[in-house]
Amino acid sequence: MENLTPNTKDAECALRTLIRFIGEDPDREGLQGTPDRIIRMWQEIFRGYDPKQKPKITTFANEDGMTDIVFDSGDYYSMCEHHILPFFGKYYFAYIPAPDGRILGISKVARVVTYCAARLQLQERLAADIVEMLTQALDGKVLGMALVMKGKHLCKTMRGVRNDGNMTVAHLEGLFKTDKECRDEFYKLIDMQQ
């Protein structure tokens with residue numbers, strides 16, 4: 001099997017070749033440090049491949065047996081695996097803790113979203129990856145999870161059809177999938193955020 005261990009020198013050579021491919025001179029003053037800058041940027045925006053940077057998901061005992069809907073929202077940024085162009089937008093997450101289960105630490109959803117998004121991704125897989133990681137953190141003891149991700153894809157907006165690149169993915173599990181009242185409440189919480 002091919003050695004996939006990163007080699008900075010090889011990466012710099014490849015980037016210089018790609019700069020030449022688009023018709024530029026990698027030795028031009030403004031581009032001389034570009035391969036190194038790209039490598040350092042990739043180490044940051046693709047940190048989702050580094051298991052050492054996987055977030056520790058703190059959970060707490062659900063001492064009161066709470067079964068209310070817990071809702072969180074925020075921004076995300078990722079890179080399309082088909083064209084290596086950005087897609088980004090808002091996420092809306094909710095879960096219903098099991099009365100005998102655990103609850104998530106307040107910042108953990110955002111940490112999981114940013115970690116899973118820091119890979120070459122599809123928006124559909126990204127939503128499933130996030131829900132799976134959070135479900136595992138709760139040892140599978142959760143009554144329902146829901147995640148809506150709204151994104152703008154530059155691979156559609158700035159190339160190809162050059163049209164509005166908006167896309168929405170909804171990933172529903174447990175009560176959010178089977179109970180219309182829970183699902184409606186989740187969508188109402190999203191509407192309140194907009």
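Here is a short walk through the helices and the sheet of this structure. Keep in mind as you look that this is a predicted model.

Let's start with helix H1, residues 8-21. Its 14 residues reach 20 Å from the first C-alpha to the last, close to the 20 Å expected at 1.5 Å a residue. Both ends of H1 are worth a look. At its start, Asn 7 brings a side-chain oxygen to within 3.0 Å of the backbone nitrogen of Lys 9. Just after the helix, Gly 23 takes a positive phi of about 100 degrees.

Next, see how H1 meets its neighbour. Two packed helices are described by the angle between their axes and the distance between the axes. For H1 and helix H2 (residues 34-45), the angle is about 120 degrees and the axes are 9 Å apart. An angle from 115 to 145 degrees falls in the oblique range, so H1 is oblique to H2. The crossing of H1 past H2 is right-handed. On the H1 side, the contact is made by Thr 8, Ala 11, Glu 12, Leu 15, Arg 16 and Ile 19. An α-helix has 3.6 residues a turn, so residues three or four places apart point the same way. From H2 come Thr 34, Pro 35, Asp 36, Ile 38, Ile 39 and Trp 42.

A second helix pair is formed by H3 (residues 108-117) and H4 (residues 123-137), whose axes come within 9 Å and cross at roughly 135 degrees. That angle makes H3 oblique to H4, and H3 passes H4 in a right-handed crossing. Among the H3 residues in this contact are Val 109, Val 112, Val 113 and Tyr 115. H4 contributes Leu 126, Asp 129, Ile 130, Met 133 and Leu 134.

Now turn to the sheet. It is open and has five strands in the order E5-E2-E3-E6-E7, with mixed pairing. Which strands stand at the edges? They are E5 (120-121) and E7 (166-174); each has a single partner strand, so one side of each is left without a neighbour in the sheet. The partner of E7 in the antiparallel sense is E6 (residues 142-153), and the two pair over nine bridges. To find your place there, look for Met 145, whose bridge partner in E7 is Glu 173.

Finally, helix H7 (residues 180-193) brings helix and sheet together. H7 lies across E2 (70-80), E3 (86-97), E6 and E7. Relative to E3, H7 runs at about 135 degrees.

Note on methods:
Residues numbered from 1 in each chain as written. Predicted model: local features only at pLDDT ≥ 70, side-chain atom pairs only at ≥ 80, totals over all residues. Heavy atoms only, no water. Helix = DSSP H or I, 4+ residues; strand = E, 2+ residues; numbered from the N terminus. Expected span 1.5 Å × (residues − 1). Polar contact = N/O pair within 3.5 Å; in protein donor to acceptor, adjacent residues only side chain to side chain. Pairing = 2+ DSSP bridges. Contact = heavy atoms within 4.5 Å. Axes fitted to C-alpha atoms, helices over the stretch in contact; angles between N-to-C directions. Parallel < 35°, antiparallel > 145°, perpendicular 65-115°, else oblique. Left-handed = near helix turned anticlockwise from the far one by under 90°.
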